[in-house]
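Reader: I should like to understand how the terms used for a protein structure follow from its values. May we work through some examples?

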Amino acid sequence: MGQVTQTSMRPAEAGQGNQPAAVPGSPGEARAGAPPSGRSWIRRPAEAHSAEALRERLIGSFRNWRDYPPSLRLWFWLVPILTAVIGGILRFVRLDTPPSLVFDETYYVKDAYSFLISGYERSWPDKANDSFNAGNPTVILETPEYVVHPPVGKWMIAGGMWLFGPDNPFGWRFAAALTGTVSILLLSLIALKLFRSLPLAAAAGLLLAVDGHHLVMSRTSLLDVFLMFWVLAAFGALLLDRDDGRRRLAARIGRLAAAAANGRPSAGQLLAGPWLGIRWWRIAAGVCLGLAVGTKWSGLFFLAAFGALSVLWDLNARRVAGIRGWASGGIIKDGLAAFASMVPVAALVYAATWTGWFRSDNAYYRHWAEANPSAEWGWLPDAVRSLAHYHLEAYRFHQGLGSEHPYEASAWSWLVMGRPTSFFYQKPEQGTPGCDVPNCASAILSVGNPMIWWSAAIALVVVLFWWAGRRDWRAGAVLAGVGAGYLPWFMYPERTMFFFYAVSFEPFLVLALVYCLGLVLGRDTDPLWRRRSGLYLVALFVAGAILLSAFFYPVWAAETIPYQEWRYRMWMPSWI
């Protein structure tokens, strides 16, 4: 029979143990990393390092999407697009309501207009909001304004104002609504990539589309929805890079094996493994993360977490492929390359986002270095030293931000939505449109769908145990996204913070919830009654979430409703 081996043949990381599985008709009927039906991971030594065998171990036995029938390929795109269309309708309908700046729009929308006409932030006179709301933004002053957030999000808001004009709320909010809608499409595609299941991809897109927290942030021009988008785009790029890198590793080791007389690479060739070349998807992730940091500095935590995650994926790929020095070889040949592909790229992109400031002659601190010569740092260009000083002052501001606010919310309360932020509240008079009773209310409250958020909080615990016990790489990836967006806030307990900061990692909360829905859905090897029952339960959960969103929608979209109806929706005293 000949010698056989199991060394390094376990589907480690690619798909160990029970995982959220797909249902028949989805692209994930075979689980990632699991051997095809009727086959074993045991291979003859001469076959163990063939390109085909390595691809099966590293990324599973899935076919390329082009290999599926055209009708099924259509659904791969149609399902994510349909969820995005539903989300887009919810975000764009009545986008101009309320017809005034709400909450922190007073800063970011006016800064965006300043970018549109000057390329940097300028000051505004007292009561400038009244003029801006009336469609007259020309009251802007010539003096520069000191701001503490980078420019990317404001440039994106300015893009909507450039398209539809700065004198109307639709123009102010267009970029946020479009970004939120596209993020639904991205999340559904990412879920399809992770779980290989059309029902789970549809669930992910729909749950994000109908959640009130994401909806509110997509209908108001604050910066956090743009941060969320670039973080999610970077995560998607890294998922593509993961498969691309593993295909390259399989192909290059396979070529070495094919060239050997015994069909096996030499010990020297397997000591560290091959170089994998330029990883373009990882560079794309670096660009996205640079734009995330250019929106809010909290994007730095995602850069660190995603960079480490990508390297860990590569290290494990080399281990599964049979590389003997997988740790040292991976650090040298993957880790250093990952750093070069992401950190310098992100830094260059971040610096480029300040182009308007560099080109200006009157921006805040633009000529600080000229007025403050330095013997120690004088070798730096004045513009660079001035920008560095600007960043230092902004960092000090963030460190000292501890003023009281009626809607501040500790990070401990975010997952249970202990104190959502009220963006807008009015009491319309009886007889005004929509108000036929003595007491009415019109509100925008950034509270999420309780069924989604509270279930996601429980799902995080399940995913954590599944990652620790089953070593499922997908669970680890989801937890990395939540951790990068959530855990750093616990380092600043005295800082004033708000619940809406959580939108940066909300897509990963949805992925954690969908991961658990995949467990309910069942495995492709389960009996038909089990899979059918699981599908019914998942559909029932998603339908319940949609109905609950319909109930809460009036307090997310500033609809005028009777005051008592508003009170019915305030489930916790801290929501008022």
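Author: Certainly; the model is a predicted one. We may begin with helix α10 (residues 224-259) and helix α20 (residues 506-521), whose axes come within 9 Å and cross at roughly 50 degrees.

Reader: Why is α10 called oblique to α20?

Author: Angles under 35 degrees count as roughly parallel, 65 to 115 as roughly perpendicular and over 145 as roughly antiparallel, the rest being oblique. The axes cross at roughly 50 degrees, which is why α10 is oblique to α20.

Reader: Which residues make the contact between α10 and α20?

Author: From α10 come M228, V231, L232 and F235, and from α20 come P507, F508 and L511.

Reader: How do the residues of this contact divide into nonpolar, polar and charged?

Author: Seven are nonpolar, none is polar and none is charged. Met, Val, Leu, Phe and Pro are among the residues that count as nonpolar.

Reader: What makes β1 and β3 edge strands?

Author: Three strands form an open antiparallel sheet in the order β1-β2-β3. β1 (422-426) and β3 (560-562) each pair on one side only. From one strand to the next, the twist averages 35 degrees.

Reader: How do you know that β1 and β2 pair?

Author: At least two bridges are required for two strands to pair. β1 and β2 (residues 440-445) have four bridges, in the antiparallel sense, and therefore count as paired. For Y425, the bridge partner in β2 is A443.

Reader: Which helix lies across β2 and β3?

Author: Helix α21 (residues 528-556) does, running at about 95 degrees to β2.

Technical notes. Residues are numbered from 1 along each chain as its sequence is written. This is a predicted model: local features need pLDDT of at least 70, side-chain atom pairs count only at pLDDT 80 or more; totals for chains, interfaces and linings use all residues. Side-chain values use heavy atoms; hydrogens and water are left out. Helices (H or I, at least four residues) and strands (E, at least two) are DSSP runs, numbered from the N terminus. Axes are lines fitted to C-alpha atoms, for helices over the stretch in contact, and angles run from 0 to 180 degrees between N-to-C directions. Contact means heavy atoms within 4.5 Å.
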